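Me: Could you take a close look at one part of this model for me, the place where the two domains of the first chain meet? Informal is fine, but please keep the cut-offs in.

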Amino acid sequence: MQMILYHGEPNGPSLAVLAALAESGVEADCRPIDLLAGERHALPGLSDATARDMGVEGEGPVLVVDGEAMTESVFIAQFLDESGRQTLQPEEPYAHWQMLMWCRRVTERCAPAAAFLGCRAHSAGKLGTPAVASADLAARWDMVRRGDFPEDQVTDSLRHVTEAVDMVEQQLADGRDWLMGALTLADFETYGWLAGMAELAPHAFAGKDRANAWLGRVRARPSVQAALARATTTTPETSWAPGPEINRWG
Amino acid sequence: MADVTLYHWEPNANSGKPMLALMEKGVAFDSHYIDMLNFDQHRPEYLAINPQGTIPAMTHRGPWGTRVLVESTAIMEYVNEQFAGPDLMPADARDRWRIRWWMKFMDQWLAPSFSMFGWKFFVGPNALKAHGQDKIEAQIARIPLPERQTAWRKAVFGLFSEAEMAESGRRIGVGIQMLEAELGKREWLASDQYSLADVNGFNLAYAMPLSQPHLANDEVTPNIMRWLRAIYRRPATRECWKLGRTPMASRVEILEQDYIPPRDESEGIASGVR
């Protein structure tokens, strides 16, 4: 089985998958790509590009296995875990459900907000002109290109980031080190989206001692350090590309 | 009294997913019908179980006490892992990834578009007919969160913008083409065995030949029609649909037809099931 992981700078979903890869022990050929240049849309050797073209996550990492493009960072992390050491997901069904629900809250509410705020702060003027197959993802590229960041969405996004940090703070209230008790892929997924928000939404982290300490613990994991060592910039947490869309139903 | 209780609406969309998964696994459960259009989900007795007021919800009693589970796709994964019975997730990790990918794509990208059309042309008008505008307004006014009131008002009274409807229509067209192409690759949606992706997809797509007769029929989407009929023939599906209480449940009977020809888009609108 040939496995190639195309990833952006170690931030957001790329960081989550790189950390999960290191924890899993699975061997994959890691190849950095420039997400803002649109290199993700011109990957060579794909026999099935459906998930690359239409993934809900937007500009995240792509794991190519025997020509099939695999996307969505949580599900790639699950695949790597299940193909390797199997340490990143609870075995007990209810605990597994709790982890999946946590990841859904992060990917559906926090991730669109973080990608929106990250692109607003750091990505304008840096975008290439790739041929994006998904019309709605292409529209999000255009919004970033135009600098079209409506104030109501800025306010809403800041609220979602704040709620995510609050959720982390509350989850750690019983003194646990990791979000689900044992270390899981939820820690990496959550860290990936929140690490860059400390600069953009500092009020969300103010006084959140448990959440801030947890960020430090995740960052210190050898798997996260290995992911960060792949950065080609000194500030990977400022690397953002168009992400998931903000819920159409509000 | 069973250890499992499922709080659900019609065997359709999100409610239908855990209903069919439980039926496929052969898990005995108490069915607790929540009349969504009578706003049962905002009543104190239901909020005591699921404070979010979303449907479906499932409770599971055991040595641990009572667990409360929400979110239809996540409930299905729990049901599959917790109970004996046919495994609805394959052993191969890449197949499981594909199942999860398709469920997320359907849940977050495609289903909201179907939902917008469903509310505009079917659920909303039926709710108004059954309960009247004044009663519905009064029910919506009792919902605690203002943004939820806005969302419900928009849904029941069909207050979607032209741009929103056009975008949903575009996604429905693209999504149907994607499903057709994927079902041309293998017998089932995301793997070579019947899985949670098929349970999820059926609950999203079963009414397409009625609601989108120009896009889903035996001429232009033969793979989708083969797949829908195969799921409809399963005993669990038949049992599941017996739990429906409104005319919505009868829509699935279109799959008893051996051949469904293409029809004009307007016939989908006229059928009142879009």
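Reply: Here is a walk through that domain boundary, with a few neighbouring spots added at the end.

A quick note on conventions: this is a predicted model, where local features need pLDDT of at least 70, side-chain atom pairs count only at pLDDT 80 or more, and totals for chains, interfaces and linings use all residues. Residues are numbered from 1 along each chain as its sequence is written, while chains are lettered from A and ligands numbered from 1 in the order in which they are written.

Chain A is split into domain 1 (3–83) and domain 2 (93–221), with bounds that come from an automatic or database domain assignment. Between the C-alpha centres of domain 1 and domain 2 of chain A there are 18 Å. Across the boundary, 20 residues of domain 1 of chain A are in contact with 24 residues of domain 2 of chain A; two residues are in contact if their C-beta atoms, placed from the backbone, lie within 7 Å.

On the domain 1 side, the elements giving two or more residues are helix 1 (12–24), helix 2 (50–54) and helix 3 (73–83) of chain A. Helices here are DSSP runs of H or I with at least four residues, strands are runs of E with at least two, and both are numbered from the N terminus. Helix 1 of chain A gives the largest share of that side, six residues. By class, the domain 1 side has eleven nonpolar, seven polar and two charged residues. For those classes, Ala, Val, Leu, Ile, Met, Phe, Trp, Tyr, Cys and Pro count as nonpolar, Asp, Glu, Lys and Arg as charged, and the others, Gly among them, as polar.

Now zoom in on one helix pair. Helix 3 of chain A packs with helix 7 (residues 185–194) of chain A at an angle of about 150 degrees, and their axes are 10 Å apart. The axes are lines fitted to C-alpha atoms, for helices over the stretch in contact, and angles run from 0 to 180 degrees between N-to-C directions. This crossing is right-handed; a crossing gets that label if the near helix is turned clockwise from the far one by less than a right angle, and is left-handed if anticlockwise. From helix 3 of chain A come A:Ser73, A:Val74, A:Ala77, A:Gln78 and A:Asp81, which meet A:Leu185, A:Phe188 and A:Glu189 in helix 7 of chain A. That makes four nonpolar, two polar and two charged residues in the contact.

Just ahead of helix 3, A:Glu72 sits in the loop between strand 4 and helix 3 of chain A. A:Glu72 has a positive phi, near 80 degrees, in a residue other than glycine. A:Glu72 counts as buried because 25 C-beta neighbours lie inside 10 Å; the cut-offs are 20 or more other C-beta atoms within 10 Å for buried, 12 or fewer for exposed, and partly exposed in between, with C-beta atoms placed from the backbone.

A:Asp66 also has a positive phi, about 50 degrees, although it is not a glycine. A:Asp66 is in the loop between strand 3 (62–65) and strand 4 (68–70) of chain A. A:Asp66 is exposed, since 10 other C-beta atoms lie within 10 Å.

Finally, the other chain: 23 residues of chain B are in contact with 23 residues of chain A. Helix 4 of chain B gives the largest share of the chain B side, eleven residues.
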